[in-house]
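Trainee: I would like to learn how to read a model like this one. Could you take me through it feature by feature?

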Amino acid sequence: MAYRELVRRWHQGVLAADGGDWDAALDAFAAIPEPPARICFNVGCVELLAGRPGGALRAFDRTLAKDNSLAVGFYQRGFVHVQLEMYEAALSDYHMAFRHLRENPFIDYKQLGLRHILYAWEVLYSMAAAQSRLQQWQEAKATLDKAVVWRPEGRTAILDMALERVQKCLVLEPMQVPLGEFFRPRKKEVEQLDSKDFLGKPKVISSIIPNDEYFGFEPLRPQKQGFYELSADALRDSETGYCRVLSHYSPEDSEKLVVKASSLVFVLARGADGWATAIYDGQKLRIPSSLLEPASTMDKQKISNGIPLPPAQVPPSRLHVKQKPESLGGENASANDAGAQMDLKIPAARGEASPSADRPVVLRALCECRVVVRAGAVPALRELRALLRERFAQQAERGALSYRRSDGTELAAVSGEEDLGKMWQQLTDGKLTLCCQDSDSQVGRPILCRMLAQHSYLPQGPGDLEFSKGDVLDVLSEVNEDWLEGHCNGKTGIFPKCFATQTSRGAAFL
């Protein structure tokens, strides 16, 4: 048996004995194969507490067979012999106990786990008790006189009373180890029985799910490009997947997160306590299972099947370096090589969807234009600002206006008053985004080829072309081996080549 398991069962037996469950204590000690002398000593003490001196005698016999120098073992066995009226054997055990004291006044067994000090005068006192049972009064008196020599200070009273009893030919009661004292395992060894987690709990460092706080691990599972595949257990378990929330719910541990009624959540697991772990709006939360019902087929058609994987390739590093913008004063406007944006508050005056006249509408205008600078000539800052101001003024008059519909699917051009009226009906919470693009930016530029977007791409910097998965991109030029310039949804910009695949041939660099 491993020493760890021996200490565990040893500790269990001692705890049971402390609680008065003698049978449980004996079972715990008996489960230790080849028990050492200290365990056998404990068994003998428990048998004495249970009132079974015969069992105690057998246990102390095994104790001394394993350690024939254990003075306290002879001392306890002598007491059991007296209980069984085996006075000659008891007298022999007390002689052996005194011999193994090796002329020391006491032995402290605390280092071995027994909270008891065995004194030489106590052994001699018990020896005199055995002699009194054998009617050896003179020998008993001589033994007590010897005990007086070994006695510590303050112990004379009990020996004086014992001498008076012997002189009156009255028997003495032997001493023993106090009841309830056992050999116990070391405290540090007991503390090390329970496994300690020195590394701590795992923490999510990077996740596709924002604010992911998942703890734990799960086995690897096959994946395909585009979506995470559910594990086999999840496919068999109908309790996971998309569910509809029946009523409004606000988690207690999050003040900002609010799950509205009829919202769709992705359930990761359901617990036996009636709570489910789900993903909503990119965040992980716990929600009562009673508020969830399986999503219908119509609901599932509105969402992607699974959690999307990130693109197979990350965008390549860019060539240009971002510059920290400088604050502009006076009439100068903020501008750079990609475009500018401004917030305008325009009172709504038409359309049923327009707010009241006293409530302003926030119109965000996104402007993009191209400025041609002569090669080799670096304009001064004042000249560059003047050039941009003139170009933006021309674009405001001749640029192509467009807006993104409320469903976010595509851009709609604004070419007349009728289109303008439709635009105001697309207000969402009093906000609308208007795009103003240089009308002649694409004039005369040939389309080299067309590519199909394999992943959605969000702009990583000014001048990037934003598109969604499945959009068709018109390639206008090659920036370098990693980046292309293209046109999509009325916008022009650069994008990483690895995010799209060619649909029509026409250029050797693709």
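The conversation below goes from confidence to helices, cores, sheets and loops.

Mentor: Happily! This is a predicted model, in which local features need pLDDT of at least 70, side-chain atom pairs count only at pLDDT 80 or more, and totals for chains, interfaces and linings use all residues. Residues are numbered from 1 along each chain as its sequence is written, and side-chain values use heavy atoms, with hydrogens and water left out.

Trainee: What is the mean pLDDT of the chain?

Mentor: pLDDT is the predictor's confidence in each residue, from 0 to 100. Here the chain has a mean of 76, and 71% of its residues reach 70 or more. Over residues 319-357 the pLDDT is below 50, and this stretch has 60 contacts in the model beyond near neighbours in sequence; a contact means heavy atoms within 4.5 Å. Residues 505-510 also stay under 50, with 12 contacts beyond four places in sequence. Where pLDDT is low, the predicted coordinates should not be read in detail.

Trainee: How many helices and strands does the chain have?

Mentor: Both are DSSP runs numbered from the N terminus: helices are H or I of at least four residues, strands are E of at least two. This chain has 14 helices and 17 strands.

Trainee: Let's take one helix. Why does the end-to-end distance of α3 agree with its 13 residues?

Mentor: The expected span of a helix is 1.5 Å times one less than its number of residues. For α3 (residues 37-49) that gives 18 Å, and the end C-alpha atoms are 19 Å apart, which agrees. After α3 comes G51, with a positive phi near 80°.

Trainee: Is α3 mostly covered or mostly open?

Mentor: Buried means under 20% relative accessible area, exposed means over 50%, and partly exposed lies in between (1.4 Å probe, protein chains only). By that rule 11 of the 13 residues of α3 are buried, so the helix is mostly covered. Among them are I39, F41, V43 and L48. The cover includes α1 (3-18), α2 (22-30), α4 (53-66) and α5 (71-83). For the chain of 510 residues, 36% count as buried.

Trainee: Which residues touch the most other members of the largest nonpolar core?

Mentor: A nonpolar core is a set of buried Ala, Val, Leu, Ile, Met, Phe, Trp, Tyr and Cys residues joined through side-chain atoms within 4.5 Å. In the largest one, with 60 residues, V72 and L144 touch the most other members. Helix α7 (residues 120-133) supplies the largest share of this core, nine residues. Leaving out residues up to four places away in sequence, L144 touches Y125, A128, L159, A162, L163, V166 and L172. Another core, of 15 residues, lies apart from it and includes L465, L473, I494 and A500.

Trainee: I494 is in that list. Which residue in β15 stands opposite I494?

Mentor: Two strands pair if DSSP finds at least two bridges between them. Strand β15 (residues 483-488) pairs with β16 in the antiparallel sense over six bridges, and E485 stands opposite I494. Both strands belong to an open, antiparallel sheet of five, ordered β16-β15-β14-β13-β17. Its edge strands, β16 (491-496) and β17 (500-502), each pair on one side only.

Trainee: What is the strand order in the sheet that holds β5 and β6?

Mentor: That open sheet of five strands runs β6-β5-β4-β3-β7, with antiparallel pairing. At its edges are β6 and β7 (292-294). Strands β5 (residues 275-280) and β6 (residues 283-288) pair over six bridges. Within that pair, A278 stands opposite L285, and Y280 has Q283 as its bridge partner. The two strands form a hairpin with two residues between them, and D281 in the turn has a positive phi of about 55°.

Trainee: Where should I look for other positive phi values, such as that of R102?

Mentor: Most residues other than glycine have a negative phi, and most peptide bonds are trans. R102, with phi near 55°, is in the loop between α6 (87-100) and β1 (106-108). R102 is exposed, with a relative accessible area of 54%. Q135 has a positive phi of about 65° and lies in the loop between α7 and α8 (137-150). Q135 is exposed too, at 51%.
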